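Visitor: I have a structure in front of me and want to learn how to read it. Where do we begin?
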Amino acid sequence: MSAESTFSVAVGVTGASGALYATRTLAALLARGTRVELVISDYGRRLLRDELGEGAAVERLMPFLAEKYGAGVEAGTINLHSNRDMGATIASGSHGCRGMVIVPCSMKTLAAVAHGLSRNLVERAADVMLKERRPLVIVPRETPMSLMQLRNMVLCAEAGAVMLPAMPAFYQMPQTLDDLADFMAGKILAALGFEHNLYPPWTGRVQR
Ligand SMILES: Cc1cc2nc3c(=O)[nH]c(=O)nc-3n(C[C@H](O)[C@H](O)[C@H](O)COP(=O)(O)O)c2cc1C
């Protein structure tokens, strides 16, 4: 068992487009033996089903991940929390969570984190990460963006969050949607301090 597996990582999934980024990130964390503290908002649950099909419904998430990304995901565990449970472990700074990613992050949740509202568990766990000075990675998705949305990103960055917009690159010559999701998940894992091989390192020229 690696040292990484002794830590847990919180994953918040909210109702922005890009559920595939969430499942790829979950699978990559799990394959590293991570204990994932998972919280999914109501609209996050809807987007999982809308964009990935009924098989990706929360109740069937682990089998979905194993089928799509391989049995290696079973090296890790998912601890699913209700977004209404403000008494969950990750609502407290005393819980030793290594960091958190909100992927994808809606503009609503972004605004709430920017202003420290803590109205639900995704928002509270993010607030805990900021106050404890632990890594918080926010993956916003919206376009175009209003001035308030841009300012909310600045507020989060000023508070210490890593703003990691859902902006996959194309110099890796992606062939599939999964290639795009691999790139984003790799960026997220790197921001959380994990090594990964989800995309090849840039070699100075495009590899065709
Ligand atoms: C199909 C669909 C796609 C959506 N896509 C986005 C999006 O890309 N970005 C965003 O900020 N909100 C998006 N929304 C709106 C959010 O889901 C909505 O603001 C919701 O209240 C967010 O709540 P949550 O942050 O608690 O998940 C979408 C909603 C639906 C139904």
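Guide: This is a predicted model. Start with a pair of helices. Helix H1 covers residues 19–31, and helix H7 covers residues 177–191. Their axes come within 8 Å.

Visitor: At what angle do the axes of H1 and H7 cross?

Guide: They cross at roughly 55°. An angle under 35 degrees would count as roughly parallel, and 65 to 115 as roughly perpendicular. H1 and H7 are therefore oblique to each other.

Visitor: Is the crossing of H1 and H7 left-handed or right-handed?

Guide: H1 passes H7 in a right-handed crossing.

Visitor: Now the ligand. How many residues surround it?

Guide: The ligand has 14 residues around it. The closest are Gly15, Ser41, Ser106, Met107 and Thr109. By type, the shell divides into 4 nonpolar, 6 polar and 4 charged residues.

Visitor: Which helices each supply at least two residues of that shell?

Guide: Helix H2 (42–52) does, and so does helix H4 (107–114).

Visitor: How do I read polar contacts with the ligand?

Guide: Look for pairs of N or O atoms within 3.5 Å. At Gly15, a polar backbone atom is 2.6 Å from an oxygen atom of the ligand. At Arg141, a backbone N or O atom lies 2.8 Å from a ligand nitrogen atom. Glu142 uses its side chain: an N or O atom there is 3.5 Å from a nitrogen atom of the ligand.

Visitor: How much of the ligand's area does the protein bury?

Guide: Taken alone, the ligand exposes 640 Å². The protein buries 73% of that.

Visitor: What should I look for in the backbone?

Guide: Look for exceptions. Most peptide bonds are trans, and most residues other than glycine have a negative phi.

Visitor: Where are the cis bonds here?

Guide: One runs from Val103 to Pro104, with omega near -15°. Pro104 lies in strand E4, residues 97–105. Another cis bond joins Thr143 and Pro144, with omega about -10°. Pro144 sits in the loop between strand E5 (136–140) and helix H6 (147–158).

Visitor: Which residue has a positive phi although it is not a glycine?

Guide: Ser118, with phi of about 50°. Find Ser118 in the loop between H4 and helix H5 (121–131).

Methods. Residues are numbered from 1 along each chain as its sequence is written. This is a predicted model: local features need pLDDT of at least 70, side-chain atom pairs count only at pLDDT 80 or more; totals for chains, interfaces and linings use all residues. Side-chain values use heavy atoms; hydrogens and water are left out. A residue is near a molecule or strand if one of its heavy atoms lies within 4 Å of it. A polar contact is a pair of N or O atoms within 3.5 Å; within protein, one must be able to donate a hydrogen and the other to accept it, and residues adjacent in sequence count only if both atoms are side-chain atoms. Accessible areas come from the Shrake-Rupley method with a 1.4 Å probe; for residues, only the protein chains shown count as cover. Helices (H or I, at least four residues) and strands (E, at least two) are DSSP runs, numbered from the N terminus. Ala, Val, Leu, Ile, Met, Phe, Trp, Tyr, Cys and Pro count as nonpolar, Asp, Glu, Lys and Arg as charged, and the others, Gly among them, as polar. Axes are lines fitted to C-alpha atoms, for helices over the stretch in contact, and angles run from 0 to 180 degrees between N-to-C directions. Angles under 35 degrees count as roughly parallel, over 145 as roughly antiparallel, 65 to 115 as roughly perpendicular and the rest as oblique. A crossing is left-handed if the near helix is turned anticlockwise from the far one by less than a right angle, and right-handed if clockwise.
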